[in-house]
Amino acid sequence: MRLEHWIIVSFVALCAGMTGVFLAGNWSPAPEVQRASSLHDLIHKDLELSDAQEQRLAVIERKFAARKKALEARLRAANLALADAIETDKANSPAVQAAIDDFHEAMGELQKLTIEHVFEMREILDEEQAKAFDKEIVRALKEQ
């Protein structure tokens with residue numbers, strides 16, 4: 001294999017590895033993670049939820065965490081498949097493309113799940129809480 005090919009393969013492998021590290025939570029928090037944290041703080045600290053709301057929120061969050069964990073596992077598996085395909089094929093092969101497609105599909109499902117989670121949390125809020133919540137969601141999305 002020529003040096004140029006090794007450089008390309010090494011770069012792609014590095015990118016795949018960095019993605020895996022990020023997904024494993026060993027990378028510094030990205031802005032969207034910080035926004036999620038601020039939304040979490042808003043819900044749990046600033047909105048002054050009632051005990052009944054907190055109980056409903058706990059159920060919602062447990063359900064979301066389990067589904068999110070499964071999708072994150074799919075993302076890691078797709079990333080490993082991508083690394084394996086690159087290592088084996090050393091080309092932009094059908095196996096490489098399939099791994100990329102699997103990763104994008106899982107990422108899209110995670111994004112949809114997150115939006116569903118946001119609206120599910122919103123349902124437990126009263127009118128004033130929902131206004132503050134909506135404002136934070138819109139602000140976070142516009143900052144991207």
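**Warm-up.** Is K131 buried, partly exposed or exposed?

*Solution.* Start with the cut-offs: buried means under 20% relative accessible area, exposed means over 50%, and partly exposed is in between (1.4 Å probe, protein chains only). K131 has a relative accessible area of 47%, so K131 is partly exposed.

A word on what you're looking at: this is a predicted model, where local features need pLDDT of at least 70, side-chain atom pairs count only at pLDDT 80 or more, and totals for chains, interfaces and linings use all residues. Residues are numbered from 1 along each chain as its sequence is written, and side-chain values use heavy atoms, with hydrogens and water left out.

**Exercise 1. Work out what span helix 5 should have, then check it against the model.**

*Solution.*
- Step 1: know your helix. Helices are DSSP runs (H or I, at least four residues), numbered from the N terminus.
- Step 2: get the expected span, which is 1.5 Å times one less than the number of residues. Helix 5 covers residues 127-142, and its 16 residues should therefore span 22 Å.
- Step 3: compare. The end C-alpha atoms of helix 5 are 22 Å apart, which agrees.

**Exercise 2. Sort out which side of helix 5 is buried, and find what caps the helix.**

*Solution.*
- Step 1: pick out the buried residues of helix 5, namely Q129, A130, F133, E136, I137 and A140.
- Step 2: look down the axis. These residues cover an arc of only 130 degrees (taken from the directions from the helix axis to the C-beta atoms), so they sit on the same side of helix 5.
- Step 3: turn to the other side of helix 5, where E127, E128, K135 and K142 are exposed.
- Step 4: go to the N-terminal end. D126 caps helix 5 there, with a side-chain oxygen 3.1 Å from the backbone nitrogen of E128.

**Exercise 3. Zoom in on Q129 and list its surroundings.**

*Solution.*
- Step 1: place Q129, which is in helix 5. Its relative accessibility is 7%, so Q129 counts as buried.
- Step 2: find its contacts (heavy atoms within 4.5 Å). Leaving aside neighbours within four places in sequence, Q129 touches L47, E48, L49 and Q53.
- Step 3: look at L47 again. Its backbone oxygen lies 2.8 Å from a polar atom of the Q129 side chain.

**Exercise 4. Trace some salt bridges and say where their partners sit.**

*Solution.*
- Step 1: set the rule. A salt bridge is a side-chain nitrogen of Lys or Arg within 4 Å of a carboxyl oxygen of Asp or Glu. The structure holds nine of them.
- Step 2: try E120 and K63, whose side chains meet at 2.9 Å, N to O. This pair links distant parts of the chain: E120 is in helix 4 (residues 94-122) and K63 in helix 3, 57 residues apart. E120 is partly exposed at 23%, and K63 is partly exposed at 39%.
- Step 3: try K68 and E72, which meet at 3.8 Å, N to O. Both lie in helix 3, four residues apart, about one turn of the helix.
- Step 4: come back to K131 from the warm-up. Its salt bridge is with E127, the closest N and O atoms being 4.0 Å apart. At 60% relative accessibility, E127 counts as exposed.
- Step 5: finish with a network of salt bridges, which links R74, E105 and E109.

Note on methods
Helix = DSSP H or I, 4+ residues; strand = E, 2+ residues; numbered from the N terminus. Polar contact = N/O pair within 3.5 Å; in protein donor to acceptor, adjacent residues only side chain to side chain.
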